[in-house]
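Take a look at the model below. The text after it walks through some of its contacts, step by step.

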Amino acid sequence: MMKLNAIQADKIWGYERWIASTHPNGCQKEFEQFAGGDYPLLVKVIQANDTLSVQVHPDDTTAQLYEQCRGKTECWYVLSAGKDAQLVYGMNGIYSPSEIRRAIETNSMSDLLRYVKVEAGDFVYIPAGTVHAIGGGLRLLEVQQSSDITYRLFDWGRGRECHVEKGIASIKNEGIRDVARFPGVFSCPYFLLEEITVESRYSTLLPPAKGESRPSDYVLFFVLDGEGKVNGKKAAAEDIFAFAPGEEVSASGDLHLMKIMPAAERRS
């Protein structure tokens with residue numbers, strides 16, 4: 001078991017902490033060595049004091065075409081939310097590339113977007129190709145494919161580089177689900193999440209690797225809130241622990257955990 005140390009990156013809208021990463025743009029070398037290479041997921045905590053750009057991430061096929069890398073399907077668990085906090089989740093209709101391009105050029109992109117109010121405990125699944133933006137006043141746990149590809153479509157007049165043509169080419173309107181409280185367990189083709197409440201004690205034995213272990217066999221436990229211990233180490237809100245296949249996980253205290261692991265199809 002290893003307790004991971006975050007890598008923080010300050011942004012014009014707030015900051016993000018890469019808390020489990022072997023990606024070259026923010027690699028935790030000790031985690032890379034522990035897992036034995038390229039972990040297929042990247043986990044972040046995002047603090048949005050201001051609204052992020054309107055953006056889209058490519059799927060595996062488009063990312064390979066443009067960037068020769070993985071695509072970026074992701075999800076958000078809302079850790080905290082200011083009053084009336086909202087985010088952009090998809091578009092409010094089906095628009096042609098020319099309609100989207102014109103909206104960007106005329107600074108009317110905001111008229112095409114779907115706005116959703118969220119609060120702490122809500123869950124948002126963002127399959128690659130979904131237009132989205134995090135609103136100000138939000139703190140999120142983000143679980144995603146290990147990819148750092150973002151195409152900005154519109155940046156609210158802040159003047160940063162946008163990637164309009166690649167972004168428009170990446171847009172899809174598939175797989176969007178209703179925003180709601182986290183259902184307890186969630187799975188998609190890339191990752192699996194499970195919410196665990198520790199009342200006094202919790203213990204589980206992780207499945208052993210089938211043959212030689214690979215990075216995709218490793219499992220993460222993130223502390224949503226509470227205090228206690230994980231395998232004897234002090235644990236508090238936003239700590240994250242990595243476990244090897246076959247290890248025993250033992251937690252005590254008053255802890256609210258999120259178990260995070262690559263989906264089974266990524267471990268085959």
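What follows covers salt bridges, aromatic rings, a charged patch and one buried residue. The model is a predicted one.

Start with the salt bridges. The structure holds 17 of them. One joins Arg17 to Glu238, with the closest N and O atoms 3.4 Å apart. Arg17 sits in strand 3, which spans residues 14-20. Glu238 sits in the loop between strand 17 (233-236) and strand 18 (240-243). The two parts are 221 residues apart in sequence, so this pair ties together distant stretches of the numbering. Is Glu238 buried or exposed? Glu238 counts as buried because its relative accessibility is 17%, and the limit for buried is under 20%.

A second salt bridge links Arg181 with Glu119. Here the closest N and O atoms are 3.7 Å apart. Arg181 belongs to strand 13 (residues 180-181). Glu119 lies in the loop between strand 8 (113-117) and strand 9 (122-126). The parts that this pair ties together are 62 residues apart in sequence. Glu119 has a relative accessible area of 49%, so Glu119 is partly exposed. Exposed would need over 50%.

Now turn to Arg160. Arg160 forms a salt bridge with Asp155, and the closest N and O atoms are 2.9 Å apart. The two partners differ in cover. Arg160 is partly exposed because its relative accessible area is 24%. Asp155 is buried because its relative accessible area is 4%. Which residues join these two in a network? Asp50 and Arg158 do: salt bridges that share partners connect Asp50, Asp155, Arg158 and Arg160.

Next come the rings. A pair of aromatic rings is described by the distance of the centres and the angle of the planes. A search of the whole structure finds 10 aromatic pairs. One of them is formed by Phe154 and Trp156. Their centres are 5.3 Å apart, and their planes stand at 70°. This pair is edge-to-face, because planes over 60 degrees apart count that way. Phe154 counts as buried, at 9% relative accessibility. Trp156 counts as partly exposed, at 32%.

Compare this with Phe186 and Phe191. What is the arrangement of their rings? The centres are 6.3 Å apart and the planes are at 35°, so the pair is tilted. Phe186 and Phe191 are both buried. They also belong to a wider group. Tyr77, Phe123, Tyr125 and Phe182 join them in one aromatic cluster.

Finish with strand 16, which covers residues 219-230. Two residues of this strand make a contrast. Glu227 is found in strand 16, and so is Phe222. Glu227 counts as exposed because its relative accessibility is 60%. Phe222 counts as buried because its relative accessibility is 0%.

Each of the two leads to another part of the model. Glu227 belongs to a negative surface patch. Its other members are Glu199, Asp225 and Asp254. Phe222 leads back to Leu4. Phe222 and Leu4 are 218 residues apart along the chain, yet their C-alpha atoms are separated by 10 Å.

Methods
Residues numbered from 1 in each chain as written. Predicted model: local features only at pLDDT ≥ 70, side-chain atom pairs only at ≥ 80, totals over all residues. Heavy atoms only, no water. Patch = residues over 30% accessible without salt bridge, like charges linked within 9 Å, V, L, I, M, F, W, Y side chains within 5 Å. Areas by Shrake-Rupley, 256 points an atom, 1.4 Å probe, with all protein chains shown as cover. Salt bridge = Lys/Arg side-chain N within 4 Å of Asp/Glu carboxyl O. Lys, Arg positive; Asp, Glu negative; His and termini not counted. Charge placed at Lys NZ, Arg CZ, Asp CG, Glu CD. Helix = DSSP H or I, 4+ residues; strand = E, 2+ residues; numbered from the N terminus. Buried < 20%, exposed > 50% of the residue type's maximum accessible area, 1.4 Å probe, protein only. Phe/Tyr/Trp six-rings, centres within 6.5 Å; stacked < 30°, edge-to-face > 60°.
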